[in-house]
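Okay, thanks for coming, everyone. Let me put the model up and then talk you through it.

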Amino acid sequence: MNPLDYTIRGGCSPNPQTEIIELQVADVALKQYLSNTLYQKKGLKWTYNWFHFLTHYSTSDPQILKYLHEVRPYPSYIEIETTTHCNMECSICEHTYWDEECKHMSLENFNKILDQFPELKWIGVTGIGQSFLNKDFMPMMKGCKDRDIYVELFDNFRYLNYEKAKDMVKWGVDKIYVSLDAATKETYDKIRVNSDWDVVMKNIKNFDCAKKELNSYWPELWFHFVVCKDNIHECEKYLEMINDLNVDCKQVQFSRMLHKFKEIEDKFVEIPDGTKEKIIEKGKDLGIKVSWNIDSADVKCPLKSCALWTMPFIFVDGTVIPCCSMNEQNDRNWQRETSLGNIFKDDFRKIWYGDKYTKMCEGIMNGNPTCQCERCVIYDKN
Ligand SMILES: C[S@@+](CC[C@H](N)C(=O)[O-])C[C@H]1O[C@@H](n2cnc3c(N)ncnc32)[C@H](O)[C@@H]1O
Ligand code: SF4
Ligand code: SF4
């Protein structure tokens with residue numbers, strides 16, 4: 001099998017500019033694959049996909065950014081909202097305040113989307129909803145893994161039981177964030193209304209057991225803590241709690257509440273100077289890697305350096321928006337009005353190369369945001 005052959009990378013030869021970058025990625029991926037048994041278990045195509053993602057997404061390399069803008073290669077990474085059903089009422093989440101009717105995406109529609117991305121390398125399967133309530137969610141993940149796509153999700157572990165964990169490990173799902181924003185049951189109950197701390201703790205431990213039983217490095221288990229007024233005092237304790245859980249935690253990520261919408265305004269909290277550093281230090285003491293999300297930066301990054309538009313987010317009804325950072329503002333109507341199209345009505349190629357996407361990308365490149373980016377909390381036109 002020739003690693004530089006496009007067929008193993010899931011597609012046909014693209015244009016010459018794309019070819020140069022992709023061959024460089026393929027070269028790095030091959031070297032990594034040959035020297036690392038973890039990658040060998042995953043296979044060469046997966047390794048290529050992973051290094052493709054690492055090279056392009058969230059890059060600050062001016063050469064790659066220039067290439068992305070000039071060539072606008074067809075997306076290799078997407079996020080799909082597989083459901084908007086949810087039976088929890090988390091105090092910080094827009095879903096709790098919606099009046100929109102909830103919906104599951106069918107497996108058929110999910111596959112219709114996947115079929116439009118034959119060279120897809122990475123997928124996020126989290127929307128604003130409780131993924132495991134969708135009966136088709138497991139087959140959706142399995143289908144992605146059958147295509148060697150890197151699969152990432154966020155979940156609160158309320159319904160992710162041992163049987164599901166075992167299947168996910170067997171299929172090689174790649175990364176899962178545990179959405180847990182408290183160090184104690186008391187604080188958890190205040191934020192994650194209608195969940196169950198004890199069941200969640202049991203499911204996390206069982207997930208780790210499933211990995212150990214099957215002797216698998218994957219899925220990587222990360223923890224996600226959204227900082228708000230009700231839990232900021234527990235950040236350090238949170239790391240101790242994870243340490244005591246004694247599970248294989250790859251990293252803990254702290255985020256801010258993305259948008260300050262009316263219903264959660266009072267929960268928003270500024271992160272005092274020195275807090276981030278203190279928590280990172282605490283992690284080091286415990287041997288836990290800690291990161292702060294890009295959305296918690298004190299100064300916004302320049303708009304021109306945004307590469308997040310290369311990972312479109314697709315709503316359960318097919319609405320296409322440029323990225324996931326426009327979620328969690330409790331204004332789905334605005335998101336639909338400013339959307340770039342609907343994948344169930346138009347071929348994605350038409351949307352991607354259409355007027356709206358083109359103008360939005362030009363706006364980012366020129367530092368003049370179009371309506372889709374004017375509410376951005378990460379990038380600014382400075
Ligand atoms: C919307 S949830 C959907 C998946 C699943 N229901 C869960 O709770 O993990 C995805 C992630 O968004 C986070 N989240 C919820 N509200 C948020 C907010 N206002 N700002 C930033 N992230 C938020 C959740 O904690 C979770 O990690
Ligand atoms: S954070 Fe997740 S579980 Fe909580 S309300 Fe939102 S979608 Fe539901
Ligand atoms: S909304 Fe922000 S992160 Fe998303 S594409 Fe626009 S500038 Fe980038």
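I'll go through the sheet, the three ligands, two helix pairs and a couple of backbone oddities.

First, the housekeeping. This is a predicted model, where local features need pLDDT of at least 70 and side-chain atom pairs count only at pLDDT 80 or more, while totals for chains, interfaces and linings use all residues. Residues are numbered from 1 along each chain as its sequence is written, and chains are lettered from A and ligands numbered from 1 in the order in which they are written.

So, the sheet. It's an open one with 10 strands, running β7-β6-β5-β4-β3-β2-β1-β9-β10-β11, and the pairing is mixed. At the edges sit β7 (290–292) and β11 (341–342), each of which pairs on one side only. Helices here are DSSP runs of H or I with at least four residues, strands are runs of E with at least two, and both are numbered from the N terminus. Two strands pair if DSSP finds at least two bridges between them. Take β3 (residues 150–155) and β4 (residues 175–179): they pair in the parallel sense over four bridges. In that pair, F154 stands opposite Y177 in β4.

Now, what surrounds the ligands? I call a residue near a molecule if its C-beta atom, placed from the backbone, lies within 6 Å of it. Ligand 1 has 17 residues around it, the closest being C93, N156, S179, L258 and E328. The sheet comes back here, as β3, β4 and β5 (220–227) each supply at least two residues of that shell. By class, the ligand 1 shell has nine nonpolar, six polar and two charged residues. For those classes, Ala, Val, Leu, Ile, Met, Phe, Trp, Tyr, Cys and Pro count as nonpolar, Asp, Glu, Lys and Arg as charged, and the others, Gly among them, as polar.

Around ligand 2 you'll find, among others, C86, C90, C93, H95 and N156. Its shell splits into five nonpolar, five polar and no charged residues. Ligand 3 is surrounded by 14 residues, with C306, W309, C323, C373 and C376 the closest. That shell has 12 nonpolar, two polar and no charged residues.

On to helices. Helix α1 (residues 16–35) packs on helix α3 (residues 44–56) at an angle of about 125 degrees, axes 9 Å apart. Axes are lines fitted to C-alpha atoms, for helices over the stretch in contact, and angles run from 0 to 180 degrees between N-to-C directions. So α1 is oblique to α3. For the wording, under 35 degrees is roughly parallel, over 145 roughly antiparallel, 65 to 115 roughly perpendicular, and the rest oblique. The α1–α3 contact has eight nonpolar, four polar and no charged residues.

The second pair is α5 (residues 107–115) with α6 (residues 137–146), whose axes come within 10 Å and cross at roughly 25 degrees. That angle makes α5 roughly parallel to α6.

Last, the oddities. Most residues other than glycine have a negative phi, and most peptide bonds are trans. R72 has a positive phi of about 40 degrees although it is not a glycine, and R72 lies in the loop between α4 (62–71) and β1 (77–80). The W218 to P219 peptide bond is cis, with omega near -5 degrees. You'll find P219 in the loop between α9 (197–213) and β5.
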